[in-house]
Amino acid sequence: MAENPEIRIEKLRKLIHQYRYDFHVLDKETISPEALDSLKKELTELEQKHPEFYDAHSPTQRVAGVAIDKFSKVTHKIQQWSYNDAFSEKDMIAFNERINRYLKRDIQTPIEYTCELKIDGLKVVLEYEKGKLIRAATRGDGLIGEDVTHNIRTVQSLPLVLTMPLSIIVEGEVWVSKKNFALLNERQKAAGLPLYANPRNIAAGTVRQLDPSIAASRNLDVFVYDLAYIDDQKNAPQSQYDELQFLKKLGFKVNPHAQKVKDIQGVLAYWTHWKDVFKKEDYLIDGVVVKVNSH
C-alpha cells in the first residue's frame, strides 16, 4: 500500500530538517547532496499535488512569496545593545577591574569569561513562536529595525523550525564566506558587472534586497550567538557558554571556536591566538567578543 500522503509529507519535512541540522550545525554529511535533492523534489511534488497540507515552515518554502515593495519597520521587543571597544591588553585589564568593582570583589579574584570570534557581517534579530520562525529584523538603531524575514528564510543554515517548541528571540550575524565571495565575483565578471568590494557588503546588501530569490542565489550563512529572550525560564541557560550549547541544541549554527576561560589572562591568550590565525577561517573576523560567563 502507498503511504498516506499527509504522513509522507510530514516524514519528508522532518528528514530534510534533520539533514540540514546534521550538515550545518554538526558539520556532518549524513546523506549525499543528490539523495537530499531527491527528497526535496519528492516533497515539492507531493505538496503541489496536495495543497491542503501547505505549511509555511516547510523546507520547500524558504524562497516564499513575491518581491516586496518596501521594508516595514519592526520595534524590537528586546532593545539591542552595542559592544564596548577595547584595543589593547591594558584596556582588557581595566575592563576586568571594572567588573570586579561592580561586583564589589577583590580585583585579584578570577572571573570566568566566554570568548567568541566577532564575525564581520550584518546583525539580525530572529523571533520564534512555539518553535517556528515568525520574524527576522535588522538591528537598526537598537530600538527599531527593518523586517527582512523574506530574505533570512532563504539562509539554509538557519532553522525554520526549532527542535523544541519554544518562543524565543535570538541574535546572530549573517555573513558571506570568502569562497562564496570569490564565486559571486566570478559570476559578476562573466556578466560584465562591477565586482563586489568585500563579503560584508554583499551580506548587508543581500539582506536588504526586496526580492527573496536574489538572496537565495547568494548563499548567505549565519552564526547565532545570543539568546535574548525565552518564554520557558526553566530551560534558560545560566551562563553564556551553556547558552551557546543550548542554541546549538535548538538547531542553530553556532561558531565552533567559542571558549570558556577561567580569568582575564585566558581572555588575553585567546585574543593573542586568534590575532595570528584569524585569516585562515572562511569568513571575515574583526575582533574577539568577551562576555562575563555567568548571567
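Let me start with a term: two residues are in contact, or touch, when they have heavy atoms within 4.5 Å of each other. Now the model. It is a predicted one, where local features need pLDDT of at least 70, side-chain atom pairs count only at pLDDT 80 or more, and totals for chains, interfaces and linings use all residues. Residues are numbered from 1 along each chain as its sequence is written, and side-chain values use heavy atoms, with hydrogens and water left out.

First, the core. A nonpolar core here is a set of buried Ala, Val, Leu, Ile, Met, Phe, Trp, Tyr and Cys residues joined through side-chain atoms within 4.5 Å. Buried means under 20% relative accessible area, exposed means over 50%, and partly exposed is in between, with a 1.4 Å probe and protein chains only. Helices and strands are DSSP runs, numbered from the N terminus: H or I with at least four residues for a helix, E with at least two for a strand.

The largest nonpolar core has 38 residues. Those that touch the most other members are Leu-126, Tyr-128, Ile-152, Leu-158, Ile-168, Val-170 and Phe-252. Elements that each supply at least two residues include β3 (122-129), β4 (132-138), β6 (168-175) and α5 (178-190). α6 (199-207), β7 and α8 do so too. The top contributor is β7, with five residues.

Another core lies apart from that one. It has 18 residues, among them Cys-115, Leu-117, Trp-175 and Ile-285.

Take Ile-168 as a close-up. What does Ile-168 touch, not counting residues up to four places away in sequence? The list is Leu-126, Glu-127, Tyr-128, Leu-162, Leu-227, Tyr-229, Ile-230, Leu-250 and Phe-252.

Ile-168 belongs to β6, so let's stay on that strand. Eight of the eight residues of β6 are buried, so the strand is largely enclosed by the rest of the structure. One way point Ile-168, Val-170, Gly-172 and Val-174. The other way point Ile-169, Glu-171, Glu-173 and Trp-175. Note that two glutamates, Glu-171 and Glu-173, are on that buried list.

Next, the neighbours of β6. Two strands pair if DSSP finds at least two bridges between them. β3 and β6 run antiparallel, joined by seven bridges. Lys-123 has Glu-173 of β6 as its bridge partner. β6 also pairs with β7, again antiparallel, over eight bridges. There, Val-170 is partnered with Leu-227 of β7. Gly-172 stands opposite Val-224, also in β7. And β7 is mostly covered, with eight of its ten residues buried.

After β6, look at Ser-177. Ser-177 sits in the loop between β6 and α5. Its relative accessibility is 13%, so Ser-177 counts as buried. Ser-177 and Glu-281 are 104 residues apart in sequence, yet 9.0 Å apart in space, C-alpha to C-alpha.

Now the empty space. On a 1 Å grid over the protein atoms alone, a cavity is a set of points where a 1.4 Å probe fits but cannot get out. A pocket is an open set with protein on both sides within 12 Å along at least five of seven lines, and lining residues have an atom within 4 Å of a point. Points are joined across faces, edges and corners, and a volume is the space filled by probe spheres set on them.

How many cavities of 30 Å³ or more does the structure hold? One. The largest cavity has about 100 Å³ of space. Its lining includes Glu-116, Phe-223, Tyr-225, Asn-255 and His-257. β2 (113-119) and β7 (221-230) are the elements that give two or more residues to it.

For the make-up, Ala, Val, Leu, Ile, Met, Phe, Trp, Tyr, Cys and Pro count as nonpolar, Asp, Glu, Lys and Arg as charged, and the others, Gly among them, as polar. The cavity lining has eight nonpolar, two polar and one charged residues.

The second largest pocket has a volume of about 1200 Å³. Of its 38 lining residues, Tyr-83, Asn-84, Val-288, Val-289 and Val-290 lie nearest the centre. β9 gives the most to this lining, with eight residues. By class, the lining has 21 nonpolar, seven polar and ten charged.Last, one backbone point. Most residues other than glycine have a negative phi. Lys-130 has a positive one, near 50°. Lys-130 lies in the loop between β3 and β4, and is exposed at 65% relative accessible area.
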